[in-house]
Structures are given as structure tokens and as C-alpha cells.
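Open the model in your viewer and keep the selection panel at hand. The tour below moves from one selection to the next and says what is there.

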Number of protein chains: 2
Amino acid sequence: MGLDLEAVTGVLASKGLKITHQRIVVYQALLAAKNHPTAEQIYDSIKSQNPSISLATVYKTLETLAENLLIHKVSTPQGTMRYDARIDNHNHIYISNTNEILDYEDEELSKILLNYLKKKNFDNLSITDFKVQIKGEKINPDKGISIT
Amino acid sequence: MGLDLEAVTGVLASKGLKITHQRIVVYQALLAAKNHPTAEQIYDSIKSQNPSISLATVYKTLETLAENLLIHKVSTPQGTMRYDARIDNHNHIYISNTNEILDYEDEELSKILLNYLKKKNFDNLSITDFKVQIKGEKINPDKGISIT
DNA sequence: TATCAATTAATAATTATTATTATTTGGGAT
DNA sequence: ATCCCAAATAATAATAATTATTAATTGATA
């Protein structure tokens with residue numbers, strides 16, 4: 001994770017977006033974040049270095065990036081929106097007792113689902129995205145989750 | 001869908017909840033609803049017959065019902081909360097161009113996922129729920145979706 | 001039927017997000 | 001390099017969704 005300035009400007013340019021300091025900073029902050037942050041968390045993370053960037057601009061910038069498919073919006077069981085710089089197809093694990101959202105990616109799972117959905121024929125529906133939402137809680141909130 | 005008064009009072013009692021007119025009305029309204037309504041939509045649907053029930057009470061009642069696992073809260077890509085009286089395990093299809101949320105249930109899919117998750121061993125995670133979120137749009141917004 | 005904790009109505013407050021508007025700016029044209 | 005202007009931003013107000021407060025009411029137990 002984390003793209004350098006050149007890479008970020010290149011990505012913005014590839015979408016025809018103007019290269020602005022605000023967009024670079026917000027995008028880099030999200031790329032660097034590990035935790036599917038809220039708009040406010042991104043705002044907090046950048047404001048010491050960029051005190052003139054307003055929260056509304058952070059929202060607007062995230063919206064612009066999402067519209068251009070550079071990032072994803074992630075809705076949560078709490079209803080507040082969080083953001084994700086990962087745009088490859090992956091799933092999320094919602095941890096209720098720590099409020100974390102973890103990425104979960106497994107090629108096997110993706111294949112299984114894709115196969116399943118291909119087999120089914122949804123009439124009058126064009127599927128744009130699908131993912132598995134796993135909800136759970138950490139047994140020990142201070143430790144990570146591993147798959148064995 | 002739709003439980004009679006006796007059934008609803010029985011369900012509330014089984015959870016140790018006081019039987020109140022408000023709870024009966026809100027619960028029945030949700031049971032009768034087809035569209036994963038918002039709190040406000042439920043409020044609107046009951047207020048002509050029950051003008052004294054306030055929106056805050058609708059929210060509180062829904063929260064109580066959800067805490068007692070009689071209903072589910074459904075978060076949406078828009079961030080607003082919607083409610084679902086179906087509590088059996090099922091999946092949702094989010095239709096972006098009509099803002100509908102459709103239930104999608106398929107035994108085969110449930111089996112596939114359950115098998116998959118059982119095979120995987122998530123360390124330090126207790127899974128409480130999992131579902132597939134399908135996003136898409138209707139080709140013809142005025143027609144339904146069928147599976148062939 | 002009296003009691004009292006739980007519930008509700010009415011409303012205020014809060015939180016998350018979006019809109020408004022005046023000002024500024026990136027980047028193409030000159 | 002400078003001019004120009006649509007697009008972007010800062011500052012702030014407004015809105016939408018939800019939650020909190022508090023006084024009054026009520027369900028259900030004794």
C-alpha cells in the first residue's frame with residue numbers, strides 16, 4: 001500500500017481529474033490507512049500537515065475518487081460510511097467488538113461465487129458487484145485474526 | 001408474511017418484552033412490508049391509524065426488536081438503515097437504479113458458503129453471520145427479477 | 001388496584017453528510 | 001510566462017438520519 005506522488009498524480013490524470021494538493025493528500029492518506037477509515041478519520045490524519053483542508057473537502061474528494069472508481073465506499077452495520085483504497089474484488093469481515101473491518105480475500109471463494117452466479121440466470125438484472133460479508137467478533141480483541 | 005395479533009404478542013412475550021401497542025403495530029407493519037423499509041417509511045405507514053406514535057418511538061422499537069433478534073437491521077450502500085422482518089438466513093440484492101433491496105435465498109448457495117467457511121479455520125474469530133451482497137441494476141426498472 | 005420499572009411522546013440534541021457561495025486555482029490557450 | 005475560466009476549495013450553513021432527554025404514561029406483577 002502507498003503510492004508515491006508520481007504514481008498518485010498519474011492515477012488522477014488517467015481519470016481526467018485535475019491534480020490538486022487536496023486530492024493527492026486525501027488519496028495518499030487512504031492508501032496508507034489500514035483500517036477502512038471514515039472521512040473524519042482521514043481528515044484527522046491529514047490536518048496537522050494540511051490545516052487548511054476542510055472536512056467537507058475530504059468528503060467531496062472521497063466522493064470524487066469513488067465516482068471515478070479509484071476507491072470504494074464501504075457501508076457498515078452502524079450506517080456510517082467508510083472508505084477503502086483497495087479496488088480489487090475482496091470481501092470484508094466486520095468485527096463487532098472492535099469496530100474493525102478486515103479485508104478478506106481468497107481466490108477459492110471468489111471462484112466458487114463466480115461459478116455459482118454464472119450458473120444462475122438472473123433475468124432483468126445486471127450484476128455489477130458481489131461480495132461476502134462476514135460478521136463476527138474477536139475472541140481476544142487485542143489479537144489479530146489468522147486463518148489456518 | 002404477516003402475523004396475527006396473537007402470534008405477535010406471543011413472540012414479544014417469548015423475549016420477555018412488554019406487550020405494548022406500539023411494539024405490536026411497528027412489528028406488524030414491518031412484517032407486512034415488502035421492501036425493507038426505513039424507519040420513516042414504517043412511521044408513515046402506521047401514522048394514519050396511529051397518529052400518536054412518534055418517529056422516535058418507531059426507531060426505539062425497531063432497535064429493541066433488533067436487539068432481541070426479532071428483526072434485522074440492513075445497512076445500505078447509501079448509509080441509511082433499513083429493516084427486515086425476515087430473520088432466517090438469506091442474502092440481499094441491492095438494486096442501484098430503483099433503490100430496492102430484494103431478498104435472495106438459495107439453499108445451494110447457503111450450503112456452498114457454509115461448507116467453505118467450515119473448512120476454513122478462522123483463529124480468534126467467532127462468526128455470527130455471513131451473507132452474500134449482490135449489487136446490480138435492473139435492465140427494465142419496471143419489471144421484476146426472475147431466476148431461470 | 002396500587003406500585004413501579006419500563007415505555008412512550010414530545011422535543012431537543014447530535015452525528016454524519018451534503019449544499020451553498022464566495023474565493024481560489026490548475027491547466028489549456030494565447 | 002500570462003490570461004482565462006471551468007473546476008475545485010474553504011468556510012460555513014443546512015439537511016437528513018438517528019439518538020438523547022425528560023416528564024408523563026402504562027403494562028404487568030404483587
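Start with the protein surface near DNA strand D (near: a heavy atom of the residue within 4 Å of the strand). Its residues divide into 6 nonpolar, 6 polar and 3 charged. Here Ala, Val, Leu, Ile, Met, Phe, Trp, Tyr, Cys and Pro count as nonpolar, Asp, Glu, Lys and Arg as charged, and the others, Gly among them, as polar.

This is a predicted model, in which local features need pLDDT of at least 70 and side-chain atom pairs pLDDT 80 or more, while totals for chains, interfaces and linings use all residues; side-chain values use heavy atoms, without hydrogens and water. Residues are numbered from 1 along each chain as its sequence is written, with chains lettered from A and ligands numbered from 1 in the order in which they are written.

Stay with DNA strand D and select the 15 residues that surround it; the closest are A:Thr20, A:Gln22, A:Thr57, B:Ile19 and B:Tyr59. Of the strand's atoms within 4 Å of the protein, 78% belong to sugar and phosphate.

Next, show three atom pairs at this surface. A polar backbone atom of B:Ile19 is 2.8 Å from a phosphate oxygen of DNA strand D, and a polar backbone atom of A:Ser52 is 2.9 Å from a phosphate oxygen of that strand. On A:Lys18, a polar side-chain atom lies 3.3 Å from a sugar or linking oxygen of the strand. Now color helix H2 (21-32) and helix H4 (55-67) of chain A and helix H4 (55-67) of chain B: these elements give two or more residues to the surface near DNA strand D. (Helices, H or I of at least four residues, and strands, E of at least two, are DSSP runs numbered from the N terminus.)

Move to the interface of the two protein chains. In contact (heavy atoms within 4.5 Å) are 44 residues of chain B and 44 residues of chain A. The two chains bury about 3,900 Å² between them, 54% of it from carbon and sulfur atoms; buried area is the accessible area (1.4 Å probe) lost on putting two parts together, summed over both. Select B:Tyr116, B:Asn124 and B:Gln133, which lose the most area to chain A on the chain B side, together 17% of what that side buries.

For a salt bridge (side-chain nitrogen of Lys or Arg within 4 Å of a carboxyl oxygen of Asp or Glu), pick B:Asp106 and A:Lys120, at 3.7 Å, N to O. The count between the chains is 4 salt bridges.

Finish at strand E7 (residues 146-147) of chain A, which runs antiparallel to E5(B) and is joined to it by 2 bridges. There A:Ile147 stands opposite B:Phe122. Strands pair if DSSP finds at least two bridges between them.

How values were computed. A polar contact is a pair of N or O atoms within 3.5 Å; within protein, one must be able to donate a hydrogen and the other to accept it, and residues adjacent in sequence count only if both atoms are side-chain atoms.
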